[in-house]
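User: Hello! I have a structure open on my screen and would like to walk through it with you, starting with the charged side chains.

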Amino acid sequence: MTEQSSVTRTSRPVLSVRSGLGWGLLGVVAFSFTVPFTRVAVGGLSPLFIGSGRAVVAAVLAGLALALTRQKPPTMRQWLRLAVVAGGVVAGFPLLTSFALTTAPASHGAVVIGLLPAATAVAAVLRTRERPSRSFWFFAALGAVVAIGFAALQNGGLGGLHPSDLLLFGAVLAAAIGYAEGGLLARELGAWQTVSWALVLSAPVMIVLASVALAGEPPQATPVQWLAFAYLAVVSMFLGFFAWYRGLAIGPMAQVSQIQLVQPVLSILWAGILLHEQLGAATILGGLAVILCAALAVRTRLRKDA
């Protein structure tokens, strides 16, 4: 495919690296609304319907996009890898976070999701030949600690481990694996094609789950809650991945993943605006610290492979 050559070059100029970070940041901004909007949506929709229904809506959009542009179907090996992407970011992360946020506040969800950049970096290193420098790992680990500490402080402390925390930890693991595999596939299939094929692949299962959810608990949502669901389906589940997977495909993947460190900051900011959670000086200072760690992490260079 002609698109492949533009994202698989082994020698990336500075402009390409900056482009990867820019696309990654655009994706993170789109994803940063996911936690607060999920918290809004679960007020009138079942978590099973939110997690599966948003994937069904996105799959319809994906199928139309693939058909209209007459995309060549993936190979059998690529389908298997797409199943990993679908399991992680189409099913795993949305379903687990939807159930977790029925009891956990949006800011608490941002606490655990602050681990996602470090988890994605580890998944990327295990899956690829990228070899980040020691300084990268230092700033990535520091960023994860700062992100969690900042969100915990804003939320009044983590307290004990709750079932919702276990669900969120599972969501982080699922998303990290899906992001790493999806970033690699985006170099072969294209960014939007990767998420589109993953959505189409998962559509039969998601339709069944959405039907079960509708039968078991009919929606009683307000217009605002339906709008939140619409954002989760169209942006969080579909359009946001266009930018995110393009950024990961341009790479370096381990560095681009650290852009996610600003996501808990943005999520808590939106939670303050949309859900009226109190923000103070600690939020501003913590946010600056998280962004600084992200900037230092992405500026470190990868070691050359031996």
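Analyst: Happy to help! The side chains of Glu188 and Arg81 form a salt bridge, at 2.9 Å from N to O. The two ends sit in distant parts of the chain, with Glu188 in helix H8 and Arg81 in helix H4, 107 residues apart. Please keep in mind that this is a predicted model.

User: Is Glu188 buried or partly exposed?

Analyst: Buried means under 20% relative accessible area, and exposed means over 50%. Glu188 has a relative accessibility of 26%, so Glu188 counts as partly exposed.

User: And is Arg81 buried or exposed?

Analyst: The cut-off for buried is under 20% relative accessible area. Arg81 comes to 12%, so Arg81 counts as buried.

User: Which side chain meets Arg127 in a salt bridge?

Analyst: The salt bridge of Arg127 has an N to O distance of 2.7 Å, and the partner is Glu181. Arg127 lies in helix H6 and Glu181 in helix H8, so this pair ties together parts that are 54 residues apart in sequence. Arg127 is partly exposed because its relative accessible area is 36%. At 7%, its partner is buried, and that partner is Glu181.

User: How many residues apart are Arg81 and Glu181?

Analyst: The side chains of Arg81 and Glu181 also meet in a salt bridge, at 2.7 Å from N to O. This pair links helix H4 (residues 76-100), which holds Arg81, with helix H8, which holds Glu181, and the separation is 100 residues.

User: How many salt bridges are there, and which residues are linked in a network of them?

Analyst: Side chains of opposite charge can pair when their charged atoms come close. The rule applied here asks for a nitrogen of Lys or Arg within 4 Å of a carboxyl oxygen of Asp or Glu. By this rule the count is 3 salt bridges. The residues linked in a network of salt bridges are Arg81, Arg127, Glu181 and Glu188.

User: Let's turn to the aromatic rings. What kind of aromatic pair do Phe31 and Tyr179 form?

Analyst: The structure holds 16 aromatic pairs. For Phe31 and Tyr179, the ring centres are 6.4 Å apart and the planes differ by 10 degrees. Planes under 30 degrees apart count as stacked, so the pair of Phe31 and Tyr179 is stacked.

User: Where in the chain do Phe31 and Tyr179 lie?

Analyst: Phe31 and Tyr179 are each buried, because the relative accessible area is 4% for Phe31 and 4% for Tyr179. The pair joins distant parts of the chain, 148 residues apart: Phe31 is in helix H1 (residues 14-31) and Tyr179 is in helix H8 (residues 163-189).

User: Which residues form one aromatic cluster with Phe31 and Tyr179?

Analyst: Phe31 and Tyr179 form a stacked pair. Both belong to one aromatic cluster, where they are joined by Phe241, Trp244 and Tyr245.

User: Which residues is Thr120 in contact with, leaving aside its neighbours within four places in sequence?

Analyst: Thr120 lies in helix H6 (residues 116-127). Its relative accessible area is 0%, so Thr120 is buried. With neighbours within four places left aside, the contacts of Thr120 are Ala176, Tyr179, Ser257 and Gln260.

User: How far apart in space are Phe49 and Gly216, C-alpha to C-alpha?

Analyst: Phe49 is in helix H3 (residues 47-68), and Phe49 is buried because its relative accessible area is 10%. Beyond four places in sequence, the contacts of Phe49 include Ala213, Leu214 and Trp226. Phe49 and Gly216 are 167 residues apart in sequence, while their C-alpha atoms are separated in space by 9.9 Å.

User: Where is Leu275 found, and which residues does Leu275 touch?

Analyst: Leu275 is in the loop between helix H12 (263-274) and helix H13 (281-299). With 26% relative accessibility, Leu275 counts as partly exposed. Leu275 and Val40 are 235 residues apart in sequence and 8.0 Å apart in space, C-alpha to C-alpha. Not counting residues up to four places away, Leu275 touches Pro36, Arg39, Val40, Ala106 and Trp270.

User: Finally, how many helices and strands does the chain have?

Analyst: Of the 306 residues of the chain, 55% count as buried. Among contacts between residues at least 6 apart in sequence, 92% join residues at least 24 apart. As for the elements, the chain has 13 helices and 0 strands.

Note on methods. Residues are numbered from 1 along each chain as its sequence is written. This is a predicted model: local features need pLDDT of at least 70, side-chain atom pairs count only at pLDDT 80 or more; totals for chains, interfaces and linings use all residues. Side-chain values use heavy atoms; hydrogens and water are left out. Helices (H or I, at least four residues) and strands (E, at least two) are DSSP runs, numbered from the N terminus. Buried means under 20% relative accessible area, exposed over 50%, partly exposed in between (1.4 Å probe, protein chains only). Contact means heavy atoms within 4.5 Å. Rings of Phe, Tyr and Trp (its six-membered ring) pair if their centres lie within 6.5 Å; planes under 30 degrees apart count as stacked, over 60 as edge-to-face and the rest as tilted.
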